[in-house]
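Biologist: I am new to this structure and would like a close look at a single part of it. Could you pick a starting point and follow the contacts outward from there?

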Amino acid sequence: MVDVRAVHKSFGSLEVLKGVDLEVRAGEVTVILGPSGSGKSTLLRTINHLEKVDQGWISVDGSLVGYRRSGDKLYELREREILKQRTRIGFVFQNFNLFPHLTVLDNIVEAPVSALKRSRKDVTEAARRLLDRVGLADKADAYPKQLSGGQQQRVAIARALALEPRLLLFDEPTSALDPELVGEVLDVIKDLAHQGTTMIVVTHEIGFAREVADTVVFMDDGRIVEQGAPGDVLDAPKHERTRAFLSKVL
């Protein structure tokens, strides 16, 4: 489903990604761990072309992300084509990014209607089902400011699902939440995992990684240091840097 090849990314003189390779199979959950500044979020943002890569390439579901290939060269797609690609790659941000002036229901309905040109009636019915799925059927007419952080994040997940993406990306979805609200968001993500949704989740929640991930990836200093099954990486890490990180967070 996801193929990341030799990806480099710099911001000015700061090299954030230093030749990252990653594969994610359809229906699997990959959890990315690592210290702040290791490049986790930047990698996630390159996968749906919110950040352009400097070298290398990324494909999702068999299509290059953000580029077309002609011979040996890559040419960036037009913005309209990139936006169309993003409808297949859902992104859930750590700070929710809901529209404050729209109701919960309208936050979910807006993208499928405007981006996919779907019937508002059909989309609204689907949005209500999604709200029920994330346990917020009674909040359709509420505004984001009337919700807790955990509720806002569940709305954000429903909004991402409304586009029926082939892949879901989560950028530290619980980091902005009070501790007592973390569980309600992780429960929704676990439910998606059990239903076979392909996901890449950047998180510091080690227990979640152990329970849900098919693959755990540990990043440090712009590189993937170690990856494998949760039991291997979390319980018997081979690399000293991974062991040092886990000793501080477990």
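**From one bridge outward**

Modeller: The bridge partner of S59 in strand 5 is L64. Everything that follows refers to a predicted model. Strand 5 and strand 4, which spans residues 55-60, are joined by two bridges and run antiparallel. In general, the strands of a sheet pair through backbone hydrogen bonds, in either a parallel or an antiparallel way.

This pair belongs to an open sheet of four strands, ordered 2-1-4-5, with antiparallel pairing. Its edges are strand 2 (14-24) and strand 5 (63-64), each of which pairs on one side only. Helix 1, made of residues 40-47, lies across strand 1 (2-11), strand 2 and strand 4, and its direction makes an angle of about 60 degrees with strand 2.

Next come the charged side chains of this part. E23 and R5 form a salt bridge, with 2.4 Å from N to O. The two residues come from distant parts of the chain: E23 is in strand 2 and R5 in strand 1, 18 residues apart. D3 joins them, so that D3, R5 and E23 are linked in a network of salt bridges. Is E23 buried or exposed? E23 counts as exposed because its relative accessibility is 53%, and the limit for that term is over 50%. R5 has a relative accessible area of 28%, so R5 is partly exposed.

Helix 1 has a charged pair of its own to consider. The side chain of R45 meets that of E51 in a salt bridge of 3.5 Å, N to O. R45 is partly exposed, at a relative accessible area of 27%. E51 has a relative accessibility of 18% and therefore counts as buried, the term for values under 20%. Across the model, the count of salt bridges comes to 15.

Helix 1 also leads to a second sheet. Helix 1 lies across strand 3 (29-33), strand 8, strand 9, strand 10 (199-202) and strand 11, and runs at about 150 degrees to strand 9. The sheet in question is open and has six strands in the order 8-9-10-3-11-12, with mixed pairing. Strand 8 (89-92) and strand 12 (223-228) are the edge strands, each pairing on one side only. From one strand to the next, the twist averages 20 degrees. At one edge, strand 8 is joined to strand 9 (residues 167-171) by four bridges, and the two run parallel. One residue pair there is F91 with L169, its bridge partner in strand 9.

The nonpolar packing comes next. The largest nonpolar core has 51 residues, and those touching the most other members are V31, L33, I108, I157, F170, I189 and M199. Helix 6, residues 179-194, gives the most to this core, namely eight residues. Another core lies apart from it, with 25 residues that include L22, Y67, L167 and V217. What does V31 touch, leaving aside residues up to four places away in sequence? The contacts of V31 are V201, T203, F208, A209, A213, T215, V216 and V217.

Strand 11 leads on to helix 9. D220 and R241 meet through their side chains in a salt bridge of 2.9 Å, N to O. This pair also links distant parts of the chain, with D220 in strand 11 (residues 215-220) and R241 in helix 9 (residues 240-249), 21 residues apart. D220 is buried, with a relative accessible area of 19%, while R241 is partly exposed, at 27%.

Which residues of helix 9 are buried? They are T242, F245 and L246. These residues cover an arc of only 95 degrees around the axis, so they sit on the same side of helix 9. An α-helix has 3.6 residues a turn, so residues three or four places apart point the same way. S247 and K248 are exposed residues on the face of helix 9 turned away from its buried side. The buried residues of helix 9 are covered by surroundings that include strand 3, helix 7 (206-212), strand 11, strand 12 and helix 8 (230-235). Among these, strand 3, strand 11 and strand 12 belong to the six-stranded sheet.

Definitions and conventions:
Residues numbered from 1 in each chain as written. Predicted model: local features only at pLDDT ≥ 70, side-chain atom pairs only at ≥ 80, totals over all residues. Heavy atoms only, no water. Pairing = 2+ DSSP bridges. Contact = heavy atoms within 4.5 Å. Axes fitted to C-alpha atoms, helices over the stretch in contact; angles between N-to-C directions. Salt bridge = Lys/Arg side-chain N within 4 Å of Asp/Glu carboxyl O. Buried < 20%, exposed > 50% of the residue type's maximum accessible area, 1.4 Å probe, protein only. Core = buried A, V, L, I, M, F, W, Y, C linked by side-chain atoms within 4.5 Å. Arc of directions from axis to C-beta.
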